[in-house]
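Subject: Structure handover

Hi,

Here is the structure I promised to pass on to you. Have a look at it first, and then read on for what I found.

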Amino acid sequence: MGSLTIASPLGPLLLTSAGGALVSLDWVSLDRGTGPTGPAEDPEPLLDEAAAQLADYFAGRRTVFRLPLAPRGTPFRKRVWEAMSEIPYGRVASYGDLARALGTAARAVGGACGRNPLPIIIPCHRVVAGSGPGGYSGFGGLDTKAWLLNHERTTVPVTV
């Protein structure tokens, strides 16, 4: 298992890998008692690549992440995360849209979105309610979701 903390426009992000795949992306916030308290990290090439791809995303040069992923979750959650990964950069889909595509309830899709261990990379920020933004469980809540959606609407990537 390896980990690497990187800087981002949304604050420090902690990337974690296991078994040759990325398993989580978490916001580091020392003032709220989460995240590492120092550089207790074990970088590896996969984490360096993930950091480079995230830097490209934040710089507006990447629309698709090409990384081995192994998010931990139930089979249902993994189906929802796969469906979220199909939402194109700069676009949104509603909880209801995904629910219909998966033959389930919008509330169940929302629950899976809230348990997404790889936010940004698995783009749960692109899932919105039928009547507004919906929720966002990442650090910063709806402000972070709005930032990510605005970033994708206002950048024109030069590469993917």
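Let me start with Glu 152, which is buried, with a relative accessible area of 4%. Please keep in mind throughout that this is a predicted model. Which residue does Glu 152 form a salt bridge with? The partner is Arg 126, and the closest N and O atoms of the two are 2.8 Å apart. This pair connects distant parts of the chain, since Glu 152 sits in helix α5 while Arg 126 belongs to the loop between α4 and β5, 26 residues apart. Arg 126 is buried too, with a relative accessible area of 4%.

The count of salt bridges comes to 3, so here are the other pairs as well. One of them joins the side chains of Asp 97 and Arg 100, at 2.8 Å from N to O. Both residues belong to helix α3, and because they are 3 residues apart there, about one helical turn separates them. For the general picture, an α-helix has 3.6 residues a turn, so residues three or four places apart point the same way. Asp 97 is partly exposed at 38% relative accessibility, and Arg 100 is exposed at 62%. The remaining salt bridge brings together the side chains of Asp 56 and Arg 61, at 2.9 Å from N to O. Arg 61 is partly exposed, its relative accessible area being 38%.

Since α3 has come up, here is the rest of that helix. It covers residues 95-102, and its buried residues are Tyr 95, Gly 96, Leu 98, Ala 99 and Leu 102. Viewed down the axis of α3, these buried residues fall within an arc of 160°, so they line one face of the helix. What do they pack against? The list is α2 (75-85), β4 (93-94), α4 (106-114), β5 (127-128) and α5 (141-154). The face turned away from the buried side of α3 carries Arg 100 and Ala 101, which are exposed. After α3 comes Gly 103, with a positive phi near 70°.

Next, the strands. β2 (residues 13-18) and β3 run antiparallel and are joined by 6 bridges. Leu 13, for example, has Trp 27 as its bridge partner in β3. The hairpin of β2 and β3 has 2 residues between the strands, and Gly 19 takes a positive phi near 60° in this hairpin. β3 is mostly covered, with 6 of its 7 residues buried. Ser 24 is found in this strand, which spans residues 21-27, and Ser 24 is buried at a relative accessible area of 13%. Apart from its neighbours within four places in sequence, Ser 24 is in contact with Leu 14, Leu 15, Thr 16, Pro 117 and Leu 118.

One last residue: is Pro 71 buried or exposed? Pro 71 is buried, because its relative accessible area of 14% is under the 20% cut-off. Pro 71 lies in the loop between α1 (45-58) and α2. Not counting residues up to four places away in sequence, Pro 71 touches Leu 22, Val 23, Lys 78, Trp 81, Pro 117, Leu 118 and Ile 122. Pro 71 and Ala 21 are 50 residues apart in sequence, yet their C-alpha atoms are 8.7 Å apart in space.

Best wishes

Notes:
Residues numbered from 1 in each chain as written. Predicted model: local features only at pLDDT ≥ 70, side-chain atom pairs only at ≥ 80, totals over all residues. Heavy atoms only, no water. Buried < 20%, exposed > 50% of the residue type's maximum accessible area, 1.4 Å probe, protein only. Helix = DSSP H or I, 4+ residues; strand = E, 2+ residues; numbered from the N terminus. Arc of directions from axis to C-beta. Contact = heavy atoms within 4.5 Å. Salt bridge = Lys/Arg side-chain N within 4 Å of Asp/Glu carboxyl O. Pairing = 2+ DSSP bridges.
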